[in-house]
Amino acid sequence: MTERVIPVRVKRITYEAERINSYELVPPSGGELDSFTAGSHIDLHLPDKMIRSYSLLNDQRERNRYVIAVNKDAASRGGSSFLHDHVGVGDVLTVSAPKNNFPLREDAATSVLIAGGIGITPLLSMIRRLECLGRPWDLFYAVRTRAAAAFLDDIGSLRPNVHLNLHVDVDDERSGRMFDVASIVKQAPAQAHLYCCGPAPMLEAFEAAAADRPEGCVHVEYFQAREAPALEGGFEVKLARSDRTVAVEAGKTILESLLEAGISPNYACSEGVCGTCETRVLEGTPDHRDQYLSEEEQASNKTIMICCSGSRTRTLVLDL
């Protein structure tokens, strides 16, 4: 049940903007890394069993390196602080193979990209791909301050007239007005594919504004949980493959209960946004709390994110 991991060496750490560093990760002994596509992320395995997901921002044609960017969040659960304060050039880290929960539609007539803060990272990889394919795009990039706007030079180097496609919106230059996601969505061409990555309030506004657009043309990626995890407990989880039963007590998630019982399922973000811990449900009704599954997928009750979701039935039988 344990996913394959890859050792990588930190070749370069670059200051990109206020509180944001990028990390170039390469194979320790040379050679190639697993391929990835625009919108992909990797999971970093850090000390104390921390696993954190970070989007890849470099060109998907590059097989010699992965590049991520990390915002040192004041509310960090430990991952971003560890990387900023303790990781140096030459260190060897362990990462997962790339995964893509936020894929780019390469055949779209046009792409409208909306980023908030560090949410620029997967969109930057998408822009590189769209430029390679010669596809049209527009980027709307909201930041708190000019000093916090990362990768503007990178975007500008991709196309001389990038100012026609890049729209930077700065909180402290807006005279108290809110970033107008609804207006961006309304003005987007009918045939456009829309992508949004950023803080939860931006994503909620985006989803509300795009509710009338075809579902397959609207794409979001959450970095943070929108709902509190299910901690009510009072049920048991039966593991069909390992023939074990684990009680989930109040105050604990399914994942925490499994780990305490010595069971090691795949997991990463622990917030229900990355999809790593998705597990097939064989019997019972989950109490879904994730941002990964669609409403239809949640209603089908075929899978559950065990890191944050609970159970509405006394017993939940999982394919573990």
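These legends walk through several close-up views of a predicted model.

**View 1. Strand β14 and its two partner strands.** Start with strand β14, which covers residues 278–283. One partner is strand β16 (residues 303–305), joined to β14 by three bridges and running antiparallel to it. Look for Glu-278, which stands opposite Met-305 in β16. Another partner is strand β18 (residues 315–318), and here two bridges pair the strands, again in the antiparallel sense. On this side, Glu-283 faces Val-317 of β18.

**View 2. Thr-279, a buried residue of β14.** Zoom in on Thr-279, which sits within strand β14. Thr-279 counts as buried because its relative accessibility is 5%, and the cut-off for buried is under 20%. Its side chain reaches the backbone oxygen of Cys-277 at 2.8 Å. Leaving aside neighbours within four places in sequence, Thr-279 touches several residues, including Lys-302, Thr-303 and Ile-304. Leu-318, Asp-319 and Leu-320 are also among its contacts.

**View 3. Leu-318 and the largest nonpolar core.** Which residues have the most contacts inside the largest nonpolar core? They are Val-112, Ile-114, Phe-179, Ile-254, Leu-258, Ile-306 and Leu-318, in a core of 44 residues. Helix α5 (residues 200–209) gives this core its largest share, four residues. Setting aside neighbours within four places in sequence, Leu-318 is in contact with residues that include Val-237, Leu-239, Ile-254 and Ile-306. Thr-279, the subject of the previous view, is also one of the contacts of Leu-318. Elsewhere, a second, separate core has 30 residues, among them Leu-57, Met-126, Leu-139 and Ile-155.

**View 4. Helix α2, mostly covered.** Next comes helix α2, which takes in residues 120–133. Its 14 residues should span 20 Å at 1.5 Å a residue, and the end C-alpha atoms are indeed 20 Å apart, so the two values agree. How many residues of α2 are buried? The count is 11 of 14. Among the buried ones are Ile-120, Leu-123, Leu-124, Ile-127 and Leu-130, along with Arg-128 and Arg-129. Met-126 is buried too, and this residue belongs to the second core of 30 residues. Just after the helix comes Gly-134, which has a positive phi, near 75°.

**View 5. Two aromatic pairs.** The model holds two aromatic pairs. In one, Phe-36 and Tyr-66 meet edge-to-face, with 6.1 Å from centre to centre and 80° between the planes. This pair links distant parts of the chain: Phe-36 is in the loop between β2 (20–26) and β3 (41–46), while Tyr-66 is in strand β5, 30 residues apart. Phe-36 is buried, with a relative accessible area of 5%, and Tyr-66 is buried at 0% relative accessibility. In the other pair, the ring centres of Phe-102 and Tyr-195 are 6.0 Å apart and the planes lie at 75°, so this pair is edge-to-face. Phe-102 lies in the loop between β6 (92–96) and β7 (111–116) and Tyr-195 in strand β10 (residues 193–198), so the pair ties together parts that are 93 residues apart in sequence. Both Phe-102 and Tyr-195 are buried.

**View 6. Ala-74, an exposed loop residue.** The last stop is the loop between β5 (66–71) and α1 (79–86), where Ala-74 lies. Is Ala-74 buried or exposed? Ala-74 counts as exposed because its relative accessibility is 78%. For orientation, find Arg-19: its C-alpha atom is 9.7 Å from that of Ala-74, although the two residues are 55 residues apart along the chain.

Notes
Residues are numbered from 1 along each chain as its sequence is written. This is a predicted model: local features need pLDDT of at least 70, side-chain atom pairs count only at pLDDT 80 or more; totals for chains, interfaces and linings use all residues. Side-chain values use heavy atoms; hydrogens and water are left out. Buried means under 20% relative accessible area, exposed over 50%, partly exposed in between (1.4 Å probe, protein chains only). A polar contact is a pair of N or O atoms within 3.5 Å; within protein, one must be able to donate a hydrogen and the other to accept it, and residues adjacent in sequence count only if both atoms are side-chain atoms. Contact means heavy atoms within 4.5 Å. The expected span of a helix is 1.5 Å times one less than its number of residues. Rings of Phe, Tyr and Trp (its six-membered ring) pair if their centres lie within 6.5 Å; planes under 30 degrees apart count as stacked, over 60 as edge-to-face and the rest as tilted. A nonpolar core is a set of buried Ala, Val, Leu, Ile, Met, Phe, Trp, Tyr and Cys residues joined through side-chain atoms within 4.5 Å. Two strands pair if DSSP finds at least two bridges between them.
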